[in-house]
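Biologist: Hey, can you walk me through this one? I'd like to start with the strands.

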Amino acid sequence: MLDLISAHRYLYFLIKNQGSIAEFEQWLYSNDELEQILGEQEYYEFISRNYKNKYAFLETEKQVYRIIQLGRFEQERLELLLNELLTLEDASRQLEIMHVLYEEYCSGYSFLRYIALTYITTSDEYKEILIEDKQKNNSYITGVRREASRLLGFFGRNEIIIEEEHEFIDHRTEKDRIEMHSIDKMLNQK
């Protein structure tokens, strides 16, 4: 059974991952409880939309941004990516995640600085070596995993709270914001 959080999570991932508008339309019509979950007005706006129109995705995106708590799902997504860095052994996927986190850093999540700088200062040639050489990758990913774990701790203690897309509240002490004032010290910890 679908609930409000699950419905909002689906809407968030539709927008964030540029999901298929056709799949969304099918999901919309196959979940009768959405009218009650989303409310009559929002539901009616969704079902009244012409999904064949070239602007359907943009109109849907605007509506989704209006009705969901974006911060909650943004934080959930970042936590999932950081957890994947801790648990995955696939170097190729680790580098993909680091690339996504680099882009998120560039868009405003300054707390991702260490991971972003580690990724962007690694040459494409060395990335290929990391994919092929498990031992080198294990050495490379150690510092990134340490930072992922550190950031997950801050999320878990509500010291970093995502409010909106690329907007967050940082309750950490100055000492804990090491990525902002002592990045050279962090980069040399690898």
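Biologist: Okay, which residue is the bridge partner of Glu164 in β2?

Modeller: That's Glu167. Keep in mind that we're looking at a predicted model here.

Biologist: How many bridges join β1 to β2, and do the strands run parallel or antiparallel?

Modeller: There are 4 bridges between strand β1 (residues 160-164) and strand β2 (residues 167-170), and the two run antiparallel. They make a hairpin, with 2 residues between the strands.

Biologist: What about the turn, which residue there has a positive phi?

Modeller: His166, with a phi of about 65 degrees.

Biologist: Where do those strands come in the order of elements?

Modeller: Reading from the N terminus, you pass ten α elements, then β-β, then α-α at the end. In total the protein has 12 helices and 2 strands.

Biologist: Switching to charges. How many salt bridges are there in the whole structure?

Modeller: A search turns up 21 of them. Take Glu74 and Lys16: they form one, with their closest N and O atoms 3.4 Å apart. That pair ties together distant parts of the chain, since Glu74 sits in helix α6 (residues 70-87) and Lys16 in helix α1 (residues 4-16), 58 residues apart.

Biologist: Is Glu74 buried or exposed?

Modeller: Glu74 counts as buried because its relative accessibility is 0%, and the cut-off for buried is under 20%. Lys16 comes out at 22%, so Lys16 counts as partly exposed.

Biologist: Got another pair that links distant parts?

Modeller: Sure, Arg66 and Glu45 form a salt bridge too, with the closest N and O atoms 3.0 Å apart. Arg66 belongs to helix α5 (residues 56-67) and Glu45 to helix α4 (residues 40-48), and they are 21 residues apart in the chain.

Biologist: How accessible are Arg66 and Glu45?

Modeller: Both fall in the partly exposed class: Arg66 has a relative accessible area of 48%, and Glu45 has 28%.

Biologist: What does Asp170 at the end of β2 pair up with?

Modeller: Asp170 meets Arg172 in a salt bridge, 2.8 Å from N to O. Arg172 is buried, with a relative accessible area of 4%. Those two also belong to a network of salt bridges that includes Glu147, Arg150, Arg177 and Glu179.

Biologist: Nice. How many positive and negative side chains does the protein have?

Modeller: It has 23 positive and 36 negative ones, and the centres of the two sets lie 6 Å apart.

Biologist: Now Lys127, where is that?

Modeller: Lys127 is in helix α9 (residues 124-132). It has a relative accessible area of 10%, so Lys127 counts as buried.

Biologist: And what is Lys127 in contact with?

Modeller: If you skip neighbours within four places in sequence, Lys127 touches Leu95, Tyr119 and Thr122.

Biologist: Zooming out, what size of box do the C-alpha atoms fill?

Modeller: Roughly 55 × 40 × 30 Å, taken along the principal axes.

Biologist: What share of the residues count as buried?

Modeller: Of the 190 residues, 42% do. As for the surface, the protein exposes about 10600 Å², and carbon and sulfur atoms supply 48% of that.

Biologist: Last one: what share of the contacts join residues at least 24 apart?

Modeller: If you take contacts between residues at least 6 apart in sequence, 62% of them join residues at least 24 apart.

Notes:
Residues numbered from 1 in each chain as written. Predicted model: local features only at pLDDT ≥ 70, side-chain atom pairs only at ≥ 80, totals over all residues. Heavy atoms only, no water. Salt bridge = Lys/Arg side-chain N within 4 Å of Asp/Glu carboxyl O. Buried < 20%, exposed > 50% of the residue type's maximum accessible area, 1.4 Å probe, protein only. Pairing = 2+ DSSP bridges. Contact = heavy atoms within 4.5 Å. Areas by Shrake-Rupley, 256 points an atom, 1.4 Å probe, with all protein chains shown as cover. Lys, Arg positive; Asp, Glu negative; His and termini not counted. Charge placed at Lys NZ, Arg CZ, Asp CG, Glu CD.
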